[in-house]
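Please report on the local backbone, the helix packing and the buried residues of the structure shown here. Running text with one small table will do.

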Amino acid sequence: MPIQKIALQETVGGKTIVIQTGTIAKQAGGSVTTHLGETVTISAATANPQPKEVSFVPLTSDYRERTYAAGRIPGGFFKREARPRDKETLTSRLIDRPIRPLFPEGWNFETMVQTIVLSSDLENDPDVVAINGASTALLLSDIPWNGPVAAVRICRVNGAFILFPTFEEREGAELELVVAGKKGALLMVEGSANEVAEDVFADALETASQAIDKLCDLQLKVVAESEKAGRKVVKRVHKPAECPKAIEDFVMAKALEPVKKGLHSKLDKHGLDAVVSGVKEPLKLEIAEKGKTDPAFTGGEKWVSHVIENILYNESRALTLDQKQRPDGRGFEEIRPITIALPIFPRVHGSVLFTRGQTQALCTATLGTPGDMQIMDVLEGEYKERFMLHYNFPAFSVGEVRPERGPGRREIGHGALARRSIAALLPSDEEFPYTLRVVSEIFESNGSSSMASVCGGSLALFDAGVPMKAACAGIAMGLVLEGSKHAVLTDIAGIEDHNGDMDFKVAGSRKGITGFQMDMKIEGLSIAIMKEALEQAKRGRLFILDKMDGALAAPRKELSQYAPRLFRLQIPVDKIGALIGPGGKNIRRLIETYGVSVDVEDDGSVYIAGVDPLGCDQAKAEVEALTLEAEVGKIYKGHVVSIKEFGAFVEIFPGKEGLLHISQIDVKRVNRVEDVLKEGDEVEVKCLEIDSDGKIRLSRKAVLSPGSEGPLNGGGRPPRREERGGHGGHRGGGRR
């Protein structure tokens, strides 16, 4: 029987979400289209039939925006979509993070969840729509996945929460969150804020959680209706491979005590790694040797790492929950030692080396001109990005060997989180018109290098003299949860991240939160524990801010001598052409003469930048002169731009020329203009007259001998003979 189309909807926060299946992509494991307004995405979930030998869930989440969805053709030379933009990469991560924890233990079938934006109304962002579609597609597939998961975007505007806000509504938001979860439990939170208090953040989570419950119910209804319409959802039976009992017992007997002892010895990352390696490698060799004579041990060396990882997982959690200790000996709220060195390099506009425990970030800040802004090409169109934060993670930071192949999803995601955290505290474009770039180079990593990038990035901007509203610090929180027992951990190290149940990063100022990201490794988190983590994170953030203030409490008063000096001027729009000049002649002269860069915006904003303060001041004075109007009786210092038989044209300020008639060049008679003046000469002239057409009549004679400019015939008109060129004929090839 043919599959019928199913389309169900739910209203959340005044917005209607529609999920439809049974019409397109029917060969995928499961597929749906999800609608919000006129924004539509298709999500398809498919898993390979054969397993793969891997020790992790082989899941790929891929989100792509087609420009046809917004009625556009891609910009640039190639007129088709190529590598994913940052927005697509970040949305792929948004989809992946809440669905990954819900795959069964040991799932090793390559799985792909693909989402394509089919239509965009340029009002509703497709990213959160895509998470709901991906979840429903997984529910309809044969993949044994423990969903559903739903997601909402929530903003706080003028004190009120808005669900699924439009792009316009998001612009005025003081808080913006993407929240994903199951019914009654959170799985992911990500967003930014303008220094909001922790209780406002918690209220937003509670509001979002109620909407998530409704959207989870909608997905389950779609599955139920689909089955009624003829598509029975049959999930695969998955039984993960198990370590043979003989091998598990052998490894436990040999490894449990030495690994446990190492875990209780308060060793650092390298010390514990050495202990584990010292146990693991000999055991692999021993089991491989036993396998030659005992079939029960044949191939058993591949299970050694698995069993030792289980020992580390169980013992580290027991250490935390039962003995109230952490692997490195710290208290639950204790932050590792912090050292801050700045400035590091004299030529860099701002630099700092921020070290917290075994995590180290070199952060640099560079000031640029508006011409350095990044042009962002997204589905909604192009815009310019003034603040960039780029995060790099070289392999040597964790003692590995791996060639650098450009930023991956992790690097882009960590950079975006750090950028969001700092952006709310930057000065406005009007106050500080520089383009800003922060680069975070991670030189060591053992726990939350993204939050080290927030701290280091904030200090680097301070060191560069950027007048930020406040300093920004970040802290990574962890959680160990077993039944009714739980422990919230401040400043988690790598082992606590790996064996814990939560990675919650919170950044902000003393006043409030500016950036956050939470991921769960278990099936959800209660709001009560989230509130506890928020309050504990606040105490940790304030502690780090105290350390940062001890190194540099406020932005430096002066910019680096190597940073460009930047001036922003405003000229009338109708003066832009005069500033640029024919073929860009005037603006090129400014750039070449004064060694500056000049950027002109369509609204008349002019940015002048250069390292030489004198050159900047001179160029600025010339541009400012564009807004001036000539005044009768005033003396100007100009330069001769062209010479004619009847006189010379003198530019008294950029874009404004006047006629210096041959009769007004000198106090004595001048037969040829060239006898006194040549192009480029600087002369002082007095403005005698501005006629109704705006034409200016100048006199050098009046400057040389005040009062000698002579009468102005007919109320200011020069004699007709002078107009025609007198003293040597007239233009136009007539009788001489």
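Pro148 sits in the loop between helix H2 (126-140) and strand E7 (150-157). The peptide bond that leads into this residue, from Gly147 to Pro148, is cis, with omega near 5°. Helices (H or I, at least four residues) and strands (E, at least two) are DSSP runs, numbered from the N terminus. The model is predicted: local features need pLDDT of at least 70, side-chain atom pairs count only at pLDDT 80 or more, and totals for chains, interfaces and linings use all residues. Residues are numbered from 1 along each chain as its sequence is written, and side-chain values use heavy atoms, with hydrogens and water left out.

A cis bond is also found from Leu342 to Pro343, where omega is near -10°. Pro343 belongs to the loop between strand E11 (338-341) and strand E12 (350-356). Most residues other than glycine have a negative phi, and most peptide bonds are trans. Ala25, which is not a glycine, has a positive phi, near 55°, and lies in the loop between strand E2 (15-21) and strand E3 (30-36). Glu195 also has a positive phi without being a glycine, at about 55°, but Glu195 is in strand E10 (residues 185-196).

Burial is given by relative accessible area: buried means under 20%, exposed over 50%, and partly exposed in between (1.4 Å probe, protein chains only). The table lists this value for several residues.

| Residue | Relative accessible area | Class |
|---|---|---|
| Ala25 | 34% | partly exposed |
| Val178 | 5% | buried |
| Glu195 | 14% | buried |
| Gln360 | 15% | buried |
| Phe543 | 38% | partly exposed |

Val178 lies in strand E9 (residues 175-182). Leaving out residues up to four places away in sequence, Val178 is in contact (heavy atoms within 4.5 Å) with Leu94, Val128, Ile131, Val152, Arg153, Met188, Val189 and Glu190. One of these, Val189, is 11 residues from Val178 in sequence, and the two C-alpha atoms are 5.7 Å apart.

Gln360 is part of strand E13 (residues 359-368). Beyond residues up to four places away in sequence, Gln360 touches Leu353, Phe354, Thr355, Glu441, Ile442, Phe443 and Glu444. Between Gln360 and His238 there are 42 Å, C-alpha to C-alpha, for 122 residues apart in sequence.

Two packed helices are described by the angle between their axes and the distance between the axes. Axes are lines fitted to C-alpha atoms, for helices over the stretch in contact, and angles run from 0 to 180 degrees between N-to-C directions. Helix H4 (residues 198-228) packs against helix H11 (residues 527-551) at about 155°, and their axes are 10 Å apart. H4 is therefore roughly antiparallel to H11; angles under 35 degrees count as roughly parallel, over 145 as roughly antiparallel, 65 to 115 as roughly perpendicular and the rest as oblique. The crossing of H4 with H11 is right-handed: the near helix is turned clockwise from the far one by less than a right angle, whereas an anticlockwise turn is left-handed.

On the H4 side, Glu198, Phe201, Ala202, Leu205 and Glu206 take part, and they meet Ile527, Met530, Lys531, Leu534, Glu535, Lys538 and Arg541 of H11. This contact has six nonpolar, no polar and six charged residues. Ala, Val, Leu, Ile, Met, Phe, Trp, Tyr, Cys and Pro count as nonpolar, Asp, Glu, Lys and Arg as charged, and the others, Gly among them, as polar. Phe543 also lies in helix H11, and its C-alpha atom is 9.3 Å from that of Ala473, 70 residues apart along the chain.

Helix H13 (residues 585-594) and helix H14 (residues 613-625) also pack at about 155°, with axes 9 Å apart. H13 and H14 are roughly antiparallel to each other, and their crossing is right-handed. Arg589, Leu590 and Tyr594 of H13 meet Gly615, Gln618, Ala619, Glu622 and Val623 of H14. By class, four residues of this contact are nonpolar, two polar and two charged.

A nonpolar core is a set of buried Ala, Val, Leu, Ile, Met, Phe, Trp, Tyr and Cys residues joined through side-chain atoms within 4.5 Å. The largest has 130 residues, of which Leu177, Val179, Phe201, Phe504 and Met530 touch the most other members. H4 gives the largest share of this core, 13 residues. Apart from this core lies another, of 20 residues, including Ala630, Val640, Val685 and Cys687. Outside its neighbours within four places in sequence, Phe201 is in contact with Leu175, Leu177, Val189, Phe504, Ile513, Phe516, Met530 and Leu534.
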